[in-house]
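Here are my comments on the structure you asked me to look over, set out as numbered points. Please keep the display open while reading, and find each residue as it is named.

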Amino acid sequence: MFGGGGGGLDPRKMEQMMKQMGIDVDELDAKEVIIRTEDTELVFDNPDVTKMDARGQETYQVIGSPEEREAGSGNAGASADVTDSAAGEIPDADVEIVATRTGASEDAARAALENNDGDLAAAVEELE
């Protein structure tokens, strides 16, 4: 009915179209991604992470099977950033994200995060 071949565009054509629209796509070599909610943490070990930058708006896609655990319960093997944030300090990874997104210095990014209780979006908004 739709002419054979079965769904989707050729990956090269898709990449070419995205470049024409001003969208850059990069694969990140992520070791771990943690998504924290009020009650749980979703931990992705060795996920496939793709970053798309569409004219300054960054979007991240995480592909993998997460381990779900109760919030704050699984710090075994966690990085120092997780431990620091539990003590009320701003994780270095968050500072780096805000600094990269806004072009601000790490000191300014840390100050904005502290002013906004660690809220990444609010810190970025304050610096933009």
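The points below deal with a predicted model, and they take up the surface, the strands, the backbone angles and the salt bridges in turn.

1. I would begin at helix H1, which covers residues 11-20. Of its ten residues the number buried is one, so the helix lies largely in the open. Met17 is found in this helix, and it counts as partly exposed because its relative accessibility is 38%, a value between the limits of 20% for buried and 50% for exposed. Together with Leu9, Met14 and Met21, Met17 makes a nonpolar surface patch of about 360 Å². An α-helix has 3.6 residues a turn, so residues three or four places apart point the same way. Just after H1 comes Gly22, which takes a positive phi of about 80°.

2. A second patch on the surface is one of charge, where Asp24, Asp26, Glu27 and Asp48 gather to give a negative region. Which strand gives the most to the negative patch? That is strand E1, residues 23-28, which supplies three residues. Asp24, which is found in E1, has a relative accessible area of 45% and is therefore partly exposed.

3. The next strands to look at are E2 (residues 32-36) and E3 (residues 40-45), which pair in the antiparallel sense over five bridges. Three residues stand between E2 and E3, and the two strands form a hairpin. To follow the pairing by eye, one may start from Val33, whose bridge partner in E3 is Phe44.

4. Two backbone angles deserve a careful look, because most residues other than glycine have a negative phi. Asn46, which is not a glycine, has a positive phi near 50°, and its place is in the loop between E3 and strand E4 (48-54). Asp117 likewise is not a glycine and has a positive phi, of about 50°; this residue lies in the loop between helix H4 (106-115) and helix H5 (120-127). Are these residues buried or exposed? Asn46 is exposed, since its relative accessible area is 59%, and Asp117 is exposed as well, with a value of 76%.

5. Side chains of opposite charge can pair when their charged atoms come close, and a search of the whole structure finds six salt bridges. In one of them, the side chains of Glu41 and Arg36 meet at 3.3 Å, N to O. Glu41 counts as buried because its relative accessibility is 4%, whereas Arg36, at 44%, counts as partly exposed. A network of salt bridges links Arg36 and Glu41 with Arg69.

6. Another salt bridge joins the side chains of Lys51 and Glu58, at 3.7 Å from N to O. Here the student should check the limit, because buried means under 20% relative accessible area: Lys51, at 19%, therefore counts as buried, while Glu58, at 22%, is partly exposed.

7. The last pair I would point out is Arg110 with Asp92, a salt bridge in which the closest N and O atoms are 2.9 Å apart. This pair links distant parts of the chain, with Arg110 in helix H4 and Asp92 in helix H3 (residues 92-102), 18 residues apart. Arg110 has a relative accessible area of 26% and is therefore partly exposed, and Asp92, at 45%, also counts as partly exposed.

Notes: Residues are numbered from 1 along each chain as its sequence is written. This is a predicted model: local features need pLDDT of at least 70, side-chain atom pairs count only at pLDDT 80 or more; totals for chains, interfaces and linings use all residues. Side-chain values use heavy atoms; hydrogens and water are left out. Patches are made of residues with over 30% relative accessible area and no salt bridge: like charges are joined within 9 Å, nonpolar side chains (Val, Leu, Ile, Met, Phe, Trp, Tyr) within 5 Å. Accessible areas come from the Shrake-Rupley method with a 1.4 Å probe; for residues, only the protein chains shown count as cover. A salt bridge is a side-chain nitrogen of Lys or Arg within 4 Å of a carboxyl oxygen of Asp or Glu. Helices (H or I, at least four residues) and strands (E, at least two) are DSSP runs, numbered from the N terminus. Buried means under 20% relative accessible area, exposed over 50%, partly exposed in between (1.4 Å probe, protein chains only). Lys and Arg count as positive and Asp and Glu as negative; His and the chain ends are not counted. The place of a charge is taken as NZ of Lys, CZ of Arg, CG of Asp or CD of Glu. Two strands pair if DSSP finds at least two bridges between them.
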